[in-house]
Amino acid sequence: MTTSAQIISAAPSEPKAATKAAAPRARKTTMSNAPAAPKAEAKSARTKPAKAPGTPAAALPKDARAKKPKLVRDSFTIPKDEYAVIETLKQRAVSLSQPAKKSELLRAGLKLLASLSDGALRNALQAVPSIKTGRPKAETPAAKPAKAPRK
């Protein structure tokens, strides 16, 4: 079975022996070039459309554009009743046609706290009870039998 690459690479006036000898080279060339074309098409499909020339981001050189901030993943302990407030706030945000994630609500709260004066921040912190840090212990069921002593 001949491929289109074999037909293109072999001239019609060449004998069959030359076509067979050229066929492996044509396949190697075709295989190495084949993945490049779809990648280029896929890359161009993924790229964002160019902004209008009048926009400030397009006018700035690539180095001067704002870089994405690095993200930090963290965990913390929070009382159940305060955690329920997050769900209430999420529902309020949806009713205001502004859905929000937990992290967005926490970040908004941080911005509000950062904008407070020192006295107001102190009052806000005093209104929050201190809790023990770390993971909460797993609740033990009452019907759980005691462990037998080791021998």
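**Patches, pockets and one salt bridge**

Reader: What makes the nonpolar surface patch here?

Author: Leu 110, Leu 113 and Leu 116 make the patch, and its area is about 250 Å². Bear in mind that this is a predicted model.

Reader: How do you know that Leu 113 is open enough to count in a patch?

Author: A patch residue needs over 30% relative accessible area. Leu 113 has 35%, so it passes that cut-off. Full exposure is another matter: "exposed" starts over 50%, so at 35% Leu 113 is called partly exposed. As for its place in the fold, Leu 113 sits in helix 6, residues 102-115.

Reader: Why is the contact between Glu 87 and Lys 90 called a salt bridge?

Author: Check the distance. The term asks for a side-chain nitrogen of Lys or Arg within 4 Å of a carboxyl oxygen of Asp or Glu. For Glu 87 and Lys 90 the N to O distance is 3.7 Å, so the pair meets the cut-off. The structure holds one salt bridge, and this is the pair that makes it.

Reader: What makes Glu 87 and Lys 90 suitably placed along the chain?

Author: Both are in helix 5, residues 80-95, and they are three residues apart, which means about one helical turn separates them.

Reader: Are the two partners buried or exposed?

Author: In between, in fact. Buried would mean under 20% relative accessible area and exposed over 50%. Glu 87 is at 34%, so it is partly exposed. Lys 90 has 24%, so the label partly exposed applies to Lys 90 as well.

Reader: And Ser 97, is it buried or exposed?

Author: Ser 97 has a relative accessible area of 64%, and the cut-off is over 50%, so it is exposed. Ser 97 lies in the loop between helix 5 and helix 6.

Reader: What is unusual enough about the phi of Ser 97 to note?

Author: The sign. Phi is near 60 degrees, a positive value in a residue other than glycine.

Reader: On to the empty space. How much of it lies in the largest pocket, and what lines that pocket?

Author: The largest pocket holds about 740 Å³ of space. It is lined by 20 residues, and Ile 78, Glu 82, Leu 106, Gly 109 and Leu 113 are the closest to its centre. Helix 5, helix 6 and helix 7 (118-126) each give two or more residues to this lining. Helix 6 has the largest share, with seven residues. Leu 113 of the patch turns up again here.

Reader: How do the lining residues of the largest pocket divide by class?

Author: There are 17 nonpolar, two polar and one charged. Gly counts as polar by this scheme, so Gly 109 goes with the polar ones.

Reader: What about the second largest pocket?

Author: About 600 Å³ of space lies there. Of its 14 lining residues, Val 72, Asp 74, Ser 103, Leu 106 and Arg 107 are the closest to the centre. Helix 5 and helix 6 are the elements giving two or more residues, and helix 6 supplies the largest share, five. By class, this lining has nine nonpolar, one polar and four charged residues. Asp and Arg count as charged, so Asp 74 and Arg 107 are among the charged ones.

Reader: Which pattern does the whole protein follow?

Author: It reads α-α-α-α-α-α-α along the sequence, with seven helices and zero strands. Of the 151 residues, 5% are buried.

Methods. Residues numbered from 1 in each chain as written. Predicted model: local features only at pLDDT ≥ 70, side-chain atom pairs only at ≥ 80, totals over all residues. Heavy atoms only, no water. Helix = DSSP H or I, 4+ residues; strand = E, 2+ residues; numbered from the N terminus. Buried < 20%, exposed > 50% of the residue type's maximum accessible area, 1.4 Å probe, protein only. Patch = residues over 30% accessible without salt bridge, like charges linked within 9 Å, V, L, I, M, F, W, Y side chains within 5 Å. Areas by Shrake-Rupley, 256 points an atom, 1.4 Å probe, with all protein chains shown as cover. 1 Å grid on protein atoms, 1.4 Å probe; cavity = no way out; pocket = protein on both sides within 12 Å on 5 of 7 lines; lining within 4 Å. Points joined across faces, edges and corners; volume = space filled by probe spheres on them.
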